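Hi,

Here is the structure I promised to pass on to you. Please open it next to this email, and then read on for what turned up in it.

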Amino acid sequence: MPSPLPDLLKQTFGYDTFRPLQREIMDATLAGKDVVAILPTGAGKSLCFQLPALARDGVTLVISPLIALMKDQVDALTASGVAATFLNSSIQGSEAQRRRAGLEEGHYKLLYAAPERIVTSGFMDDLQRWKVTAIAVDEAHCISEWGHDFRPEYRQLAQLRQHLPGVPFLALTATATGQVQQDIIRQLQLPDPQIFLASFNRPNLNYSIVPKSKSTQQVYEFVQSRPGEAGIVYVQSRKSAEGIAAALMAEGIKAVAYHAGLQPEERAANQEAFIRDEVRIVCATIAFGMGINKPDVRFVIHADLPKNIEGYYQETGRAGRDGLPSDCVLLYSRGDLVRNLKFLDEVTDPQAHQIATQQMRQMADFAEGTECRRTALLRYFGEQWPGDNCGGCDICLEPREKWDATTQAQKLLSCIFRIRQKSGFTTGLNHVVEVLAGANTEKIRKWDHDRLSTYGIGKDMPREEWTALGRQLIRLGYIDASPDSFQTLSLSREGSAALMNRTPIIVTRTPPAAPLKSATKVARAGSIVCDEGLFDELRALRKRLADERGVPPYVVFGDQSLRHMCRSYPQDERAFLDIPGVGSQKLADYGQAFVSSIKEWLKDHEPQAFSSETPAPPTPKMKTNGTSNTALESVRLFQQGMSAEKIAEQRGLAASTVHNHLAQAIQNKLLPAEPRDFYSAEDEAMLRKAADEHGMESLSVLREALQQRFDYPTLHYFRAFQLRSQA
């Protein structure tokens, strides 16, 4: 029998196609298999258990760690016409009895509950009676002490295997190293699960790391440069959260603080104000954000150094969940690392101290690194970025200046060698820099390091530059740093060889601190260009309707849906139903209001024209079980002799998407194709002449100049070959 999933997807949620891996995950769980799915934030994890719940009998139990997350998702499901509920400490008395009665009578398809409630014996019995036929464990990384949000109560969920035998598990998370994945499988007692591992790449996110100066001023300048956009500012302390929020409020920017020191009622109110667009900035400690479903967060700023890369990735992932371009900015100073390491000295468990120290240094290495941020971030999760320029980070958008540091590196390496030679022990980088600078410290006098030949030979360069050079030489492998918290230095084999042979050493110059708004170059690839005036009108309408129903605005429609409305101007129900995100329930609830608003707008405004060339949101790049499912998969099939149209049919993609995959692969030299595979020599001559006169920036202009003789795929291939040859 044909699967009901595609029809349910369109009818309930208003989408025509699945995102990568969603269909495979749904099919596996509907077949009764245990599944572990690692999908990045914004890739549609929730749909992987919500849609199958509509296609199977009984109730799907969703284990969720936060009350706010449960309410958020149930509100969204209810708005789409799905029978869902939650049980937690916020529901008491007659309301709790009403929901339990509904579960007894089979009125609900999804039940959300916290792990603390689930493992109680009485609730286990209830679940058996309510005919639970599937279990989804959201934020599954919480089960692992190697994860960044370890929750001990998650460890007890394996009891469900005994109370609900044969019921399939679906464990989902956005961040999980291989170690965490295995911990999830072991702790949940999943004997032979199917594992779906997506790419950790978030193509719509732009990553920037900026030298930290006056952080509150830097945050204000950035927020001021992005009027009307929602953002999260992460800090390490409650004082900082309140201080930055107060500073923004003083400048007329609506902001709130969020941290564990606030009363629960105030925390909940501040979070509610943020997700309902009453305020646009929340200044928070890491207590904020896990599972928050607000899709239109346009930027995340880390004003303090995160404690580990997984936490940083998870927090940056709260930006751009709707697939639209968003920014992730980290303000970094070495002082943050030193302060955090001092805090770790209070950790008494040796193993926990070692893990935390290692993770903190990895985070600092990432912040101080000079390679593409996306490449470094994906490598941490065991993934390789295929290109040499991601086009979406500060390193790739504004390449750093290189300089010949051979002489300076010789001095620094020699100083490390002389200290070890004279004293028989190694020291940290700060002491090496003090010796080079000719400082008169107690340690230098005590150890007679003022008598070294390298004493004072670095007075011509500021100490912070020596420190920056030392850290680069560590990352480049010329210097070994001990793994303990003291990080004493010694020459590596490469460092010793470089010192003896005077090997040329080229390093990257550290940029100076600068205003955040000018240091951040926003990547807008993937924007949905639309009628911005109408977009503002529909946003206001969305807010009014949301307030009337007591739900966040994005529960009515997300920004993607609004932008598509402002491109195509739907003026009847049929056209409105074609908008992504419009299902039958939302058509009934909101269609008339939005169509009427669009008609009113067009009475006084000319509709704008948007070509097929206008950017659309990027498709997340996925892979499964180590096999690429992105552009590289299209390339593989093309090399096997399949046409673009056949590839599109097999993969369930638009033919234009596959043509774009192949053109991008040609440009990046990943597909060894030739122009004659796509157009003749005579066609190429015509294309070159038109490109010389009109440029290649706009293919629609180029196509018009050629009197529409060539289709867009041919123009894409022509541009790709030209850019490849120029590179």
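Below are notes on confidence, on the salt bridges and on two helix pairs.

First, a word on how far to trust the coordinates. This is a predicted model. The mean pLDDT of the protein is 85, and 91% of its residues reach 70 or more. Two stretches deserve some caution. Residues 518-525 have pLDDT below 50, and this stretch has 24 contacts in the model beyond near neighbours in sequence. Residues 613-629 also have pLDDT below 50, here with 58 contacts beyond near neighbours in sequence. Where pLDDT is low, the predicted coordinates should not be read in detail.

Now to the charged side chains. A search of the whole structure finds 38 salt bridges, and helix H24 (residues 532-549) is a good place to begin. Its Lys543 pairs with Glu278 in a salt bridge, at 2.8 Å from N to O. Glu278 sits in the loop between helix H12 (264-275) and strand S11 (281-284), so this salt bridge ties together parts that are 265 residues apart in sequence. How accessible are the two partners, Lys543 and Glu278? Lys543 has 18% relative accessibility and therefore counts as buried, the cut-off being under 20%. Glu278, at 40%, counts as partly exposed.

Helix H24 is also linked to helix H26 (residues 559-568) through Arg563 and Glu532. Their side chains meet in a salt bridge at 2.9 Å, N to O, and the two residues are 31 apart in the chain, with Arg563 in H26 and Glu532 in H24. Arg563 is buried, with a relative accessible area of 15%, whereas Glu532 is partly exposed at 40%.

Another link between these helices is made by Arg542 and Asp559, whose closest N and O atoms are 2.9 Å apart. Here Arg542 belongs to H24 and Asp559 to H26, with their positions 17 residues apart in sequence. What is the relative accessibility of Arg542? The value is 2%, so Arg542 counts as buried. Asp559 is buried too, with a relative accessible area of 8%.

Elsewhere in the chain, have a look at Arg100, Glu104, Asp126 and Arg129, which are linked in a network of salt bridges.

Finally, the helix packing. Two packed helices are described by the angle between their axes and the distance between the axes. Helix H1 (residues 5-13) packs against helix H3 (residues 47-55) at an angle of about 105°, with the axes 10 Å apart. H1 and H3 are therefore roughly perpendicular to each other. On the H1 side the contact is made by Leu5, Leu8, Leu9, Thr12 and Phe13, and on the H3 side by Leu47, Gln50, Leu51, Pro52, Leu54 and Ala55. By class, this contact of H1 with H3 has nine nonpolar residues, two polar and no charged.

The other pair is helix H18 (residues 406-423) with helix H19 (residues 429-437), whose axes come within 10 Å and cross at roughly 105°. H18 and H19 are therefore roughly perpendicular to each other. Lys411, Leu412, Cys415, Ile416 and Ile419 from H18 meet His431, Val432, Val435 and Leu436 from H19. What classes of residue make up the contact of H18 with H19? There are seven nonpolar, one polar and one charged.

Happy browsing, and best wishes!

Technical notes:
Residues numbered from 1 in each chain as written. Predicted model: local features only at pLDDT ≥ 70, side-chain atom pairs only at ≥ 80, totals over all residues. Heavy atoms only, no water. Axes fitted to C-alpha atoms, helices over the stretch in contact; angles between N-to-C directions. Helix = DSSP H or I, 4+ residues; strand = E, 2+ residues; numbered from the N terminus. Parallel < 35°, antiparallel > 145°, perpendicular 65-115°, else oblique. Contact = heavy atoms within 4.5 Å. Nonpolar A, V, L, I, M, F, W, Y, C, P; charged D, E, K, R; others polar. pLDDT = per-residue confidence, 0-100. Salt bridge = Lys/Arg side-chain N within 4 Å of Asp/Glu carboxyl O. Buried < 20%, exposed > 50% of the residue type's maximum accessible area, 1.4 Å probe, protein only.
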